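Thanks for making the time this morning. I would like to walk you through one structure, beginning with its ligand and then moving outwards to the cores and a few backbone details.

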Amino acid sequence: MSEVVSYDREGAIGIITVNYPPVNALGHAVRTGLLEALKQGQTDNDAKMLLVVCEGRTFVAGADIREFGKPMQEPGLVTVINTFESSDKPVVAAIHGTALGGGLELALGCHYRIALDSARVGLPEVKLGLLPGAGGTQRLPRLTGAKKALEMITTGEFVKADDALEAGIIDAVAQGDNSRTIGLEYAAKLIAEDKPVRRVRDITDKISADQGTEVFEAFRNNLTAKARGLFSPFKCVDAVEAAFSLPFDEGMKRERELFIECMESPQRGGLVHAFFAEREVSKVPGLPKDTPVRDVKSVGVIGAGTMGGGIAMNFANAGIPVTIVELKQEALDKGLSVIRKNYESSAKKGRITTAQVEERMALIKTSLSYDDFKSVDLVIEAVFENMDIKKQIFGQLDKVCKPGAILASNTSTLDIDEIASATSRPEDVVGMHFFSPANVMKLLENVRGTKTSDEVKATVMALAKKIGKVGVMVGNCYGFVGNRMLHRRGAEATALVNEGASPQQVDKVLTDLGFPMGQFAMSDLAGIDVGYSIRKERRKSGEDIPANWMDTLAEEGRLGQKTMAGVYQYEEGNRKPVVDPKVDELIAGFRKEQGIEPRAITDQEILERCMYVMVNEGAKILEEGIADRSLDIDIVWIYGYGFPAYHGGPMFWADQVGVKTIYETVKRFHDTVGGDQWKPSELLAKLASENKKFGDL
Ligand code: T1G
């Protein structure tokens with residue numbers, strides 16, 4: 001008998017129980033166990049009906065992703081599910097937690113489905129670069145019709161139990177917290193009503209109703225705008241369309257063909273890497289799992305600007321009271337009105353209720369005095385990037401805050417140790433670098449200072465999860481992980497324009513790679529003045545930063561979206577960047593002034609210089625231990641800078657391109673372009689010489 005699937009009976013109901021923590025994934029042992037248990041149920045004469053339930057926190061959450069890319073062991077999932085469907089005894093699935101991917105497909109192979117009201121169902125395969133490959137694209141539309149099936153399968157979004165009932169995916173919803181109990185009650189009711197076997201494959205009314213509709217074309221057109229190079233959503237549409245144009249078994253064959261195309265696509269590798277990396281970053285090497293975590297029941301935020309306001313919203317969203325302190329009442333009033341506007345627009349979009357708007361606003365207090373920080377558990381400083389001001393603030397916090405309060409800075413570049421040196425408790429000082437808009441962007445770059453205690457590190461990592469962020473712990477250096485690499489890319493992109501490329505050519509190379517926006521469109525969003533004042537600060541501190549055409553833009557008052565003109569120009573109420581011939585003239589003028597003869601630059605050179613400079617810097621960051629693992633860098637870039645997840649992040653992407661190729665090119669640019677940024681990282685050189693990957697580290 002299988003260790004992970006058991007069979008027993010209560011009255012006339014045979015019960016098949018899966019128990020394979022953490023999420024009952026359909027690994028080989030579970031697939032084999034399911035077939036064995038089904039056979040037992042079939043031959044158990046006292047069992048009139050069979051019930052499939054799962055132990056632990058959730059019903060089956062899909063195929064076992066760890067088996068992807070390895071040779072497939074029989075029985076395959078399609079075989080298992082077809083066998084359940086062809087059972088001559090009715091089979092019921094009782095769902096709790098999340099029935100996802102192969103888990104929902106298994107339930108769709110059963111004849112009846114009941115779920116706890118807290119449960120959710122979904123087919124999120126597209127988020128892994130795949131499509132439902134065990135009948136989901138053929139069985140789901142037979143229950144829901146084309147539109148709902150396409151929505152679920154192309155977005156991978158989870159559906160609440162009540163909505164799944166309304167959509168016809170499940171037959172009943174029950175309150176309670178025990179799926180076995182509700183499953184048994186429901187099966188007993190079906191027996192009493194003498195309910196027959198009901199195979200989804202035979203249900204055709206929704207199929208005939210939607211045959212010949214334009215919905216598939218509409219979805220393809222819509223996806224073209226949104227997919228940004230992601231491959232699998234289109235294959236999802238093709239597969240669902242097959243359910244409306246082919247008989248069931250033919251449709252299943254077509255699904256399999258399309259599934260294999262996705263499985264073999266490199267995008268699947270990138271997305272599966274991103275899936276596991278997102279879970280791995282929360283386990284910080286060297287930080288014991290049982291490190292005590294401090295309780296954060298109240299938070300203070302300094303600064304009611306864009307960042308301060310967004311940061312405060314994260315804590316209010318998690319039910320944690322926040323006090324925002326500013327120097328002037330107008331700044332507080334303005335900050336609070338922006339927060340309320342953001343909440344009201346979320347309510348308008350149906351993401352939260354109006355009651356929740358008021359609940360969250362009630363959790364946000366304002367003050368003009370640091371005294372109101374006396375009893376808070378954490379303070380996050382979010383004022384503009386000036387070391388003297390930050391040190392003055394931390395000196396004050398050191399006097400006001402209670403022992404054990406965590407003092408955090410939202411600085412995006414400055415030295416955490418120097419900020420901490422302004423206090424008598426550097427062990428309680430840490431960087432918590434949020435990304436704009438802070439209430440939306442998922443990344444939280446937690447920055448450990450040399451003296452930051454393990455307890456504080458563990459607390460801010462746990463807090464990231466609590467406020468719905470992906471927390472990554474990184475070391476302290478200029479720009480930490482994300483901005484340090486971004487500055488290298490920004491400098492290379494700017495230099496390429498100095499030498500002859502156009503800003504729009506550079507941006508197109510990055511958006512073609514899958515980034516939501518290019519380097520210069522991003523500068524326009526962040527504000528040209530932000531980079532300009534950082535360069536001025538660095539030049540003031542003696543760094544040799546060559547003049548560049550972006551300085552000219554700033555000096556001309558072209559600060560980006562906020563002035564409707566930066567590298568691009570913008571129309572009122574429209575964030576779409578429009579090429580501005582004035583900028584080309586301005587750049588030509590700058591080159592002439594600098595005596596630069598522009599040259600034709602290929603897209604390939606742009607890609608190599610913008611991306612390989614990041615990889616080389618990433619390798620230096622690993623060498624220095626600023627990032628513990630290459631996956632930390634990948635997650636920082638995927639959740640903080642829009643790096644296309646299907647490329648797996650910069651370091652995973654580098655492994656796909658080839659470390660040796662990148663190293664050889666970096667060496668070449670070191671000779672031809674020059675500059676620190678092209679000094680090859682020793683780690684990169686070592687991996688290239690040993691034919692190894694960052695993923696091998
Ligand atoms: N396979 C293997 N391991 C999995 C897994 C899976 N499907 N899902 C989760 N884990 C591990 C995860 O790595 C972590 O491990 C632990 O479980 C807890 O996860 C043919 C081909 C279910 C909503 O895409 O969305 O079916 O880090 O930290 O926040 O059509 O996990 O503890 O060692 O995320 O409570 C489709 C993926 C597969 C669902 C729970 N299914 N999982 O979230 O916990 S493709 C999915 C999730 C498929 C078929 C196709 C979430 C969750 P560790 P966690 P959580």
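Around the ligand there are 27 residues, and those that come nearest are Ala63, Glu105, Glu125, Arg279 and Lys283. Please keep in mind throughout that this is a predicted model, and that the distances I quote are computed from it.

Let me take the polar contacts of the ligand one at a time. An N or O atom in the side chain of Arg279 lies 2.6 Å from an oxygen atom of the ligand, and a polar side-chain atom of Lys283 is 2.7 Å from a ligand oxygen. With Gly102 the partner is a polar atom of the backbone, at 2.8 Å from an oxygen atom of the ligand. As for how much of the ligand is covered, its area when taken alone is 1000 Å², of which the protein buries 78%.

Which elements give two or more residues to the shell around the ligand? They are strand E5, residues 98–100, helix H3, residues 102–109, and helix H12, residues 266–280, and of these it is H12 that gives the most, with three residues. In character, the shell divides into 15 nonpolar residues, seven charged ones and five polar ones.

Moving on to the cores, I would remind you that in soluble globular proteins nonpolar side chains tend to be buried together. In this model the largest nonpolar core has 92 residues, and the members that touch the most others are Leu397, Trp637 and Phe694. Helix H25, which covers residues 603–623, gives the most to this core, with 11 residues. If we look at Phe694 and leave aside its neighbours within four places in sequence, its contacts include Val615, Ala619 and Leu622, and also Met651, Val659 and Leu687, with Ser630 and Asp655 among the others. There is also a second, separate core of 71 residues, and Val4, Val5, Ile65 and Val121 are included in it.

Arg120 is a residue I would like to place with some care. Strand E7, residues 120–122, contains Arg120, and its relative accessible area is 36%, so Arg120 counts as partly exposed. Not counting residues up to four places away in sequence, Arg120 touches Gly97, Thr98 and Ala99, and it also touches Phe158, Val159 and Lys160. The C-alpha atom of Arg120 is separated by 24 Å from that of Asn314, a residue 194 places away along the chain.

Finally, the backbone details, beginning with the cis peptide bonds. One joins Pro21 and Pro22, with omega about 5°, and Pro22 sits in the loop between strand E2 and helix H1. Another joins Glu74 and Pro75, with omega about 0°, and here Pro75 belongs to the loop between strand E3 and helix H2.

Then there are positive phi values in residues that are not glycine. For Asp194, phi is about 55°, and this residue is found in the loop between helix H7 and helix H8. Is Asp194 buried or exposed? Asp194 is exposed, because its relative accessible area is 64%, and the cut-off for exposed is over 50%. Arg228 likewise has a positive phi, near 45°, and lies in the loop between helix H9 and helix H10, but at 37% relative accessibility Arg228 counts as partly exposed.

Note on methods. Residues are numbered from 1 along each chain as its sequence is written. This is a predicted model: local features need pLDDT of at least 70, side-chain atom pairs count only at pLDDT 80 or more; totals for chains, interfaces and linings use all residues. Side-chain values use heavy atoms; hydrogens and water are left out. A residue is near a molecule or strand if one of its heavy atoms lies within 4 Å of it. A polar contact is a pair of N or O atoms within 3.5 Å; within protein, one must be able to donate a hydrogen and the other to accept it, and residues adjacent in sequence count only if both atoms are side-chain atoms. Accessible areas come from the Shrake-Rupley method with a 1.4 Å probe; for residues, only the protein chains shown count as cover. Helices (H or I, at least four residues) and strands (E, at least two) are DSSP runs, numbered from the N terminus. Ala, Val, Leu, Ile, Met, Phe, Trp, Tyr, Cys and Pro count as nonpolar, Asp, Glu, Lys and Arg as charged, and the others, Gly among them, as polar. A nonpolar core is a set of buried Ala, Val, Leu, Ile, Met, Phe, Trp, Tyr and Cys residues joined through side-chain atoms within 4.5 Å. Buried means under 20% relative accessible area, exposed over 50%, partly exposed in between (1.4 Å probe, protein chains only). Contact means heavy atoms within 4.5 Å.
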